[in-house]
Amino acid sequence: MIPDSVINEILARTDIVDLVSSYVSLDKKSAANLFGLCPFHDEDTPSFSVAPRKQIFYCFGCHKGGNAIKFIQEIEQLSFPEAVRFLGKRVDVDIPESEDPYLQKRQQERKRLLAIMLDAARFYYTNLVNDEGIKARSYLKNRGIEENIARRFGLGYAPATWDRLCQHLQNKGYAQEELLKSGLATRSKQDNLIDFFRNRIIFPIFDRQNNLIAFGGRALEDSGPKYLNTNETALYSKGRHLYGLNFAKSSKSDKIIIVEGYFDVVSLYLAGIDYAVATLGTALTSGQANLLKRQTDRVITCFDADRAGRNATLKAASLLEKVGVNVEVLLVPEDKDPDDYIRAYGPTRFRALLDTTMEPLAFELEMIRQDSLADDGSLQITNYQSRACTLLAREQNAILREIYATKVAEQIGTTTQAVLTEIARQQNVSKDKNSGRYRDRDNTPAERSKAKSNAECQTDEISLILLMSEYNDLLRELNFAIEANDFSEGYLREIANKLIEASQDNSFSTANLPSLVEEVSADDPDFLHKFMAASINSAELTSVSQRKEAIRKLFHRLRTRRLEREGQDLLTRARNTTDQALRAKYLTEYKEKQKEGIAWKQKIY
Ligand SMILES: [Zn+2]
């Protein structure tokens, strides 16, 4: 376990705005908070907020929220101790390795896995260069990949046998369990351990820190899938890595070009472009977009020209633009992929294509134009105009809208004004569609009023907890004592109890509130969301007297409700008992409670 004092020190030295800003572009939207597009879910308008004063983040869309540690856990996909370590490194707080046996075990396992990967890479490489690799070598040579290039990318060959790698690694002392965990071995139907990659050209996949974490394999024969990657392991997770990023990182170029396959990356390298990365068989994910954002502000997408490639282009462009990366689209002519094109026309012509990149909007418009061509190659004007205007109606930037409206007007032989009018009409149509009102479910008036008062009560209690958390040191200075029982039974009472305890020895830090709330309400995400939203929205109170006054007002309302609650409780007990003496006792207590309640309501501090 990492001591709380160390965690608090790390949180104290970490500025959440600074931290989040290295992943998300934030704008100041309200007086207290910053907003940006959520890195955890897909959205067009920012609902991800950061509260500098409270050092927390919260997304009103997907409800992810918490302190800096939580943010790092989510965005870097780390466990709690790993995230603490990650932040510790950032702010120069040392955490001795020996303190966490769980983490030590995980690190040990990780080291073993990394070692297996390296041993496997050596095995594959040896097989490529020895006699057995002759077919693989001639295949590579056919694709223009000579030995020096194969070595640079660490290419190898997985022999066409069932379990040669498994045997090799077991001879080196790795356990069967470890081979399975590395993803290099799999179980056959007869329950034997067999090699995952067989008769394939092997591409090692590295992470940003140059650790070999997985492999990709291209089949040499027409059996099984053409491309195969390591499945999810402790080292490798699909959609969180990019092939070639470790190489592209050291390029002098300020751009990165994304392609679909490993061979494209290698071909581009041969063509003198050393800044290509591949998505590893998926459409670009938001994890990969974040990875790219940390490397560059300019990305060129270069996917296949088929339908799937086009959709991949549009998705990638939208994800990248959301994280603030400038996107250009490179459309390779004749429906070729970059590798085919370079082999057909040579590197010089491919490099010339880099001057023909388009903005994503122009690309989308071009796709619509191509779709609107009749069999004889003529443009079907009505179809094109309607789809083009729908597309432009969605564009937020008025200047871009006008530029492209002019282009569309030229193509269909009308005026820019006519196109802009049509765009405006479509914008109004979609506005009307979105204005449908939310209707409350049809509850009875009594149910609604009860629900309303419960909600008010919860809102008050949450507000008081937020104040007790933010101004924890003030609690000892008040001329009244807030008790845990002033809160309704459940999470809120539990949280309040911890805050009251902490105020006695000054051991509380506001940034810890989200984890405290999460801990007690683990099985009720709705509560956590509500709490985080309230926390983000709570106003700042500048003077001590304002703070005390706000606490006092809420406390007064809570205590009033508590006395009512306790009175009702006594009344229910009196009704439910058959013991006359006990009933009389409850009723007496109930009357006292009522008196106390009335006196309380009139009490003014
Ligand atoms: Zn979100």
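**Close-up 1. Asn210 in a loop between two strands.** Asn210 counts as partly exposed in this predicted model, because its relative accessibility is 49%. Have a look at the loop that joins strand 9 (200-206) to strand 10 (212-219), and you will find Asn210 there. A residue from elsewhere in the sequence to bring into the view is Gly244: Asn210 and Gly244 are 34 residues apart along the chain, and their C-alpha atoms are separated by 9.9 Å.

**Close-up 2. Lys249 and its contacts.** Our next stop is the loop between helix 10 (245-248) and strand 12 (255-259), which is home to Lys249. With 37% relative accessibility, Lys249 counts as partly exposed. Which residues does Lys249 touch, not counting those up to four places away in sequence? The answer is Arg208 and Gln295. For Lys249 and Gln295, the separation is 46 residues in sequence and 7.1 Å in space, taken C-alpha to C-alpha.

**Close-up 3. The buried and exposed sides of helix 1.** Helix 1 spans residues 4-13, and Val6, Ile7, Ile10 and Leu11 are buried in it. These residues cover an arc of only 135° around the axis, so they sit on the same side of helix 1. Turn to the face of helix 1 that points away from this buried side, and you meet the exposed residues Asp4, Ser5 and Ala12. What covers the buried residues of helix 1? The cover includes helix 3 (68-76) and helix 4 (80-90).

**Close-up 4. Two residues with positive phi, Gln77 and Asp92.** A short reminder helps with this view: most residues other than glycine have a negative phi. Gln77 is a residue other than glycine with a positive phi, near 55°. To find Gln77, follow the loop between helix 3 and helix 4. Asp92 also has a positive phi without being a glycine, with a value near 60°. Asp92 belongs to the loop between helix 4 and helix 5 (101-129). Is Asp92 buried or exposed? Its relative accessible area is 64%, so Asp92 is exposed.

**Close-up 5. Helix 11 and the glycine that follows.** Helix 11 (residues 262-270) is largely enclosed by the rest of the structure, because seven of its nine residues are buried. Which residues of helix 11 are buried? They are Tyr262, Phe263, Asp264, Val265, Val266, Ser267 and Leu268. Keep going past the end of helix 11 and you come to Gly272, with a positive phi near 90°.

**Close-up 6. Helix 13 against helix 16.** Here the axes of helix 13 (residues 307-322) and helix 16 (residues 360-371) come within 10 Å, crossing at roughly 155°. The two helices, 13 and 16, are therefore roughly antiparallel to each other. The crossing in which helix 13 passes helix 16 is left-handed. From helix 13, the contact is made by Arg307, Arg310, Thr313, Leu314, Ala317 and Glu321. Helix 16 contributes Pro360, Phe363, Glu364, Met367, Gln370 and Asp371. Sorted by class, this contact of helix 13 with helix 16 has five nonpolar, two polar and five charged residues.

**Close-up 7. Helix 22 against helix 23.** The axes of helix 22 (residues 513-520) and helix 23 (residues 525-537) cross at roughly 160° and come within 9 Å. That angle makes helix 22 roughly antiparallel to helix 23. How do helix 22 and helix 23 cross, in a left-handed or a right-handed way? Their crossing is right-handed. On the side of helix 22, the residues in contact are Leu513, Pro514, Val517 and Glu518. On the side of helix 23, they are Phe527, Leu528, Phe531 and Met532. By class, seven nonpolar, no polar and one charged residues make up the contact of helix 22 with helix 23.

**Close-up 8. Arg559 within helix 24.** We finish in helix 24 (residues 544-576), where Arg559 lies. Is Arg559 buried or exposed? Arg559 is buried, because its relative accessible area is 14% and the cut-off for buried is under 20%. Leaving aside residues up to four places away in sequence, Arg559 touches Ala481, Glu483, Asp486 and Trp600.

Conventions: Residues are numbered from 1 along each chain as its sequence is written. This is a predicted model: local features need pLDDT of at least 70, side-chain atom pairs count only at pLDDT 80 or more; totals for chains, interfaces and linings use all residues. Side-chain values use heavy atoms; hydrogens and water are left out. Axes are lines fitted to C-alpha atoms, for helices over the stretch in contact, and angles run from 0 to 180 degrees between N-to-C directions. Helices (H or I, at least four residues) and strands (E, at least two) are DSSP runs, numbered from the N terminus. Angles under 35 degrees count as roughly parallel, over 145 as roughly antiparallel, 65 to 115 as roughly perpendicular and the rest as oblique. A crossing is left-handed if the near helix is turned anticlockwise from the far one by less than a right angle, and right-handed if clockwise. Contact means heavy atoms within 4.5 Å. Ala, Val, Leu, Ile, Met, Phe, Trp, Tyr, Cys and Pro count as nonpolar, Asp, Glu, Lys and Arg as charged, and the others, Gly among them, as polar. Buried means under 20% relative accessible area, exposed over 50%, partly exposed in between (1.4 Å probe, protein chains only). The arc is that of the directions from the helix axis to the C-beta atoms.
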